[in-house]
Amino acid sequence: MKNSVIFAILSVVVPLFIGCGPSNPYNTVKIDGTVLVDGQPMQDVNVTFNPDGSGSTAYGATDSKGKFTLTIPGAPDGSGAEPGTYFPTFRKSVTKERPPLKEGEDQGAWEEKYPPVIVHVIPERYGIPKTNGIDPVTVEKGKPHVVTFEISTK
C-alpha cells in the first residue's frame, strides 16, 4: 500500500518538474521569410543573418516559393535566430555546364581547357554584410518575425 501511494504521488509530481524546463533551450526566435528576386520568388537562395557583434549566425535556403526559415548551428532545423541585430546576405550561384569529357581524353587537360565557371545568379554585392543595401533586421524575443526581402539583379 505504501509503495502504491508513493508511486501515485511521483506520477503526478515528476511530470510537473519535467514540464518546467525551458521550452527553447537555444534562446532563439522563429524567423520566416520570403526572398523575391526581380519581383519573383527564387529557389535555392542561401540566406544568412550575420550578427552585429557577438551571437550565432543564422542561415536558411529558399524553397520553390522563395520561402525560408532560419536555423542556428547545432540547433534543430527552423530554430530561428537569437535576439539581436543582423545584417542579411543572399547568395545563389551555379556552375556553368561544360562540354562532356570524351572517351580517352585526359581529364587534367580537359579541366584545364574547360575550368569551372561560376555564374552568380544573384549579384555578388548581396553577399556582403552592411554594404549590400539591405536594411538590418532586429530580432526581439516574444515577437513574431516574418520578413520579405526584395533584391534586384540589375
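**Exercise 1. With which residue does Glu-140 form a salt bridge, and how far apart are the closest N and O atoms?**

*Solution.* The model under study is predicted.
Step 1. The partner of Glu-140 is Lys-143, and the closest N and O atoms of this salt bridge are 3.6 Å apart.
Step 2. The criterion requires a side-chain nitrogen of Lys or Arg within 4 Å of a carboxyl oxygen of Asp or Glu, so the contact at 3.6 Å qualifies.
Step 3. Glu-140 has a relative accessibility of 36% and therefore counts as partly exposed. Lys-143, at 44%, likewise counts as partly exposed.

**Exercise 2. Determine how many salt bridges the whole structure contains, and characterise the one formed by Asp-32.**

*Solution.*
Step 1. The search of the whole structure returns 2 salt bridges.
Step 2. Asp-32 pairs with Lys-30, with 3.4 Å between the closest N and O atoms.
Step 3. Asp-32 is partly exposed, its relative accessible area being 24%. Lys-30 is also partly exposed, with a value of 47%.
Step 4. As a general principle, side chains of opposite charge can pair when their charged atoms come close.

**Exercise 3. Classify the aromatic pair of Phe-49 and Phe-149, and locate both residues in the chain.**

*Solution.*
Step 1. The structure holds 5 aromatic pairs in total. In the pair of Phe-49 and Phe-149, the ring centres lie 6.2 Å apart and the planes make an angle of 80°.
Step 2. Planes over 60 degrees apart count as edge-to-face, so this pair belongs to that class.
Step 3. Phe-49 lies in strand β3 (residues 46-51) and Phe-149 in strand β10 (residues 145-151). The two residues are 100 residues apart, and their pair thus links distant parts of the chain.
Step 4. Phe-49 and Phe-149 are both buried.
Step 5. Ring pairs join these two residues with Phe-68, Tyr-86 and Phe-90 in a cluster.

**Exercise 4. Classify the aromatic pair of Trp-110 and Tyr-114, and state whether each residue is buried or partly exposed.**

*Solution.*
Step 1. The ring centres of Trp-110 and Tyr-114 are 6.1 Å apart, with 55° between the planes.
Step 2. Stacked pairs have planes under 30 degrees apart and edge-to-face pairs over 60, so the angle of 55° makes this pair tilted.
Step 3. Trp-110 has a relative accessible area of 9%. Buried means under 20%, and Trp-110 is therefore buried.
Step 4. Tyr-114 is partly exposed, with a relative accessible area of 26%.

**Exercise 5. Describe the backbone and surroundings of Asp-44 and Lys-130.**

*Solution.*
Step 1. Asp-44 is not a glycine, yet its phi is positive, at about 65°. Asp-44 sits in the loop between β2 (40-41) and β3, and is partly exposed at 46% relative accessible area.
Step 2. Lys-130, also not a glycine, has a positive phi of about 75°. Its loop runs between β8 (118-120) and β9 (137-139).
Step 3. The relative accessibility of Lys-130 is 57%, and this residue therefore counts as exposed.

**Exercise 6. Summarise the architecture of the chain as a whole.**

*Solution.*
Step 1. The chain comprises 2 helices and 10 strands, in the order α-β-β-β-β-β-β-β-α-β-β-β from the N terminus on.
Step 2. Of its 154 residues, 30% count as buried.
Step 3. Among contacts between residues at least 6 apart in sequence, 65% join residues at least 24 apart.
Step 4. The accessible surface comes to about 10,200 Å², and carbon and sulfur atoms account for 56% of it.

Note on methods: Residues are numbered from 1 along each chain as its sequence is written. This is a predicted model: local features need pLDDT of at least 70, side-chain atom pairs count only at pLDDT 80 or more; totals for chains, interfaces and linings use all residues. Side-chain values use heavy atoms; hydrogens and water are left out. Rings of Phe, Tyr and Trp (its six-membered ring) pair if their centres lie within 6.5 Å; planes under 30 degrees apart count as stacked, over 60 as edge-to-face and the rest as tilted. Helices (H or I, at least four residues) and strands (E, at least two) are DSSP runs, numbered from the N terminus. Buried means under 20% relative accessible area, exposed over 50%, partly exposed in between (1.4 Å probe, protein chains only). Contact means heavy atoms within 4.5 Å. Accessible areas come from the Shrake-Rupley method with a 1.4 Å probe; for residues, only the protein chains shown count as cover.
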